[in-house]
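I opened my notebook to work through a structure one lookup at a time. Here is what I wrote down as I went.

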Amino acid sequence: MNILSIAILTAALLLIVTGLYMLVRTHNMIRIIIAVEVAMKAITLLLAYAGWLNGQTALSQAFVVTIIVMEVVVAVVAAGLAISSFRKNGDLDIRRLNKLNG
Amino acid sequence: MTTFVIVLCLVLMVGFALSAAMLRSMLKSAVSLAAMSAALAVILYMMGAVWAALFELSVCVGLITVVFISAISLTTPDRRDEAHTKDHRQRFAALPFILIAAGVALIAVLVSTGFYLPQPGEEAVAEAAFNQVLWQTRQADILGQILILLAGAFAVVVLFKEGRKI
């Protein structure tokens, strides 16, 4: 197995672990969005690498573009939720998100 | 040369991800995330995914960072948030050690089991152009993307809708 494969697989795993650890250890909504983004970068990396390995770069690019669109929508909607929660509760604690109603 | 640049960018990506997690300032975390996206864009470019790199650079480094900075500036932390961030470094102190352990464990497993992946281009097939794949093969994805974008726009409108005064 070549060094590049090991490096990419290891980096992807580390990014996923970092994202999951952030998700578990924080209650701040902005940080939670950042954690999701970090984990999604790992998925983007793995998809691009799979396309590169199989010689199907165009297909993997189509998937990567789809993931990027999803990342944007997730970030925008979650940031909107965070702002709404802040206006209602005065902080960004996700444990108070259930107070948003109406 | 390609291998060196990709490995360098991978190291940068993990480093910026770590700093995004561990930095106390959310603004600096957002900038670290942008830097991580920039490193990923370089990797995508080196792998030949030029269009994906372009999207990553313009959307993730540009647009998402603007969204984060706007959200951070609109949610200026109060005293309670400052109290939450006081133990932030302590909370994430274990993360570097967890990452080192996970990395060493994965490398050990990969090396000991002789896990094999083909070299890039080893199993190359006749490849279509990106626009051809996107517009002809993955039409359903484009429809899904449009629907996701519309749903996102609708969600933002609903979230920022002014309540009716009674």
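At roughly what angle do the axes of α2(A) and α3(B) cross, and within how many Å do they come? I looked this up first, keeping in mind that the model is predicted. The crossing angle is roughly 175°, and the two axes come within 12 Å. Angles over 145 degrees count as roughly antiparallel, so α2(A) and α3(B) are roughly antiparallel to each other.

**Entry: who meets whom in that pair**

I listed the residues next. On the α2(A) side I found I30(A), E37(A) and A48(A), and they meet A52(B), I64(B), F68(B), A71(B) and I72(B) of α3(B). Sorted by class, this contact has seven nonpolar residues, no polar ones and one charged one.

**Entry: α2 against α2**

Then I turned to α2(A) and α2(B). Their axes cross at roughly 5° and come within 11 Å. The cut-off for roughly parallel is under 35 degrees, and therefore I put α2(A) and α2(B) down as roughly parallel to each other. I jotted down why I keep noting two values: two packed helices are described by the angle between their axes and the distance between the axes.

The list of residues here took me a while to write out. From α2(A) come I30(A), R31(A), I34(A), E37(A), V38(A), K41(A), T44(A), L45(A) and A48(A). They meet M26(B), S29(B), A30(B), L33(B), M36(B), S37(B), L40(B), I43(B) and L44(B) in α2(B). By class I got twelve nonpolar, three polar and three charged residues for the contact of α2(A) with α2(B).

**Entry: A48(A) up close**

A48(A) kept turning up, so to speak, and I asked which residues it is in contact with, leaving aside neighbours within four places in sequence. In its own chain I found S60(A) and V64(A). From chain B there are L44(B), M47(B), A49(B) and A52(B).

**Entry: the core**

Which residues touch the most other members of the largest nonpolar core? I wrote down I30(A), A48(A), M13(B) and A17(B), out of 72 residues in this core. Helices α1 (3-25), α2 (29-54) and α3 (57-89) of chain A each supply at least two residues of the core, and so do α1, α2, α3 and α7 of chain B. α3(A) gives the most, with 14 residues. A general remark went in my margin: in soluble globular proteins, nonpolar side chains tend to be buried together.

**Entry: the whole interface**

I zoomed out to the two chains. I read off 77 residues of chain B in contact with 65 residues of chain A. The helices of chain B that each supply at least two residues of the side touching chain A are α1 (2-22), α2 (26-46), α3 (50-74), α4 (79-86), α6 (95-113), α7 (130-137) and α8 (139-159). α3(B) gives the most to this side, with 13 residues. By class, I found 56 nonpolar, twelve polar and nine charged residues on the side of chain B that touches chain A.

**Entry: chain B as a whole**

Chain B has eight helices and zero strands. Of its 166 residues, 25% are buried. I also checked contacts in chain B between residues at least 6 apart in sequence, and 56% of them join residues at least 24 apart.

The domain assignment splits chain B into domain 1 (1-76 + 91-124) and domain 2 (125-160). I noted 24 Å between the C-alpha centres of these two domains.

**Entry: three single residues**

D141(B) sits in helix α8 of chain B. Buried, exposed or in between? D141(B) counts as partly exposed, because it has 16 C-beta neighbours inside 10 Å. Leaving aside neighbours within four places in sequence, D141(B) is in contact with A62(A) and T66(A).

A129(B) lies in the loop between α6 and α7 of chain B. I found 11 other C-beta atoms within 10 Å, so A129(B) is exposed. A129(B) and A101(B) are 28 residues apart in sequence, and their C-alpha atoms are 41 Å apart in space.

My last stop was R87(A), in helix α3 of chain A. R87(A) counts as exposed, because it has 12 C-beta neighbours inside 10 Å. Its C-alpha atom is 13 Å from that of M29(A), although 58 residues separate the two along the chain.

Note on methods:
Residues numbered from 1 in each chain as written. Chains lettered and ligands numbered in written order. Predicted model: local features only at pLDDT ≥ 70, side-chain atom pairs only at ≥ 80, totals over all residues. Contact = placed C-beta atoms within 7 Å. Helix = DSSP H or I, 4+ residues; strand = E, 2+ residues; numbered from the N terminus. Nonpolar A, V, L, I, M, F, W, Y, C, P; charged D, E, K, R; others polar. Buried ≥ 20, exposed ≤ 12 C-beta atoms within 10 Å, placed from the backbone. Core = buried A, V, L, I, M, F, W, Y, C linked by C-beta atoms within 7 Å. Axes fitted to C-alpha atoms, helices over the stretch in contact; angles between N-to-C directions. Parallel < 35°, antiparallel > 145°, perpendicular 65-115°, else oblique. Domains from an automatic or database assignment.
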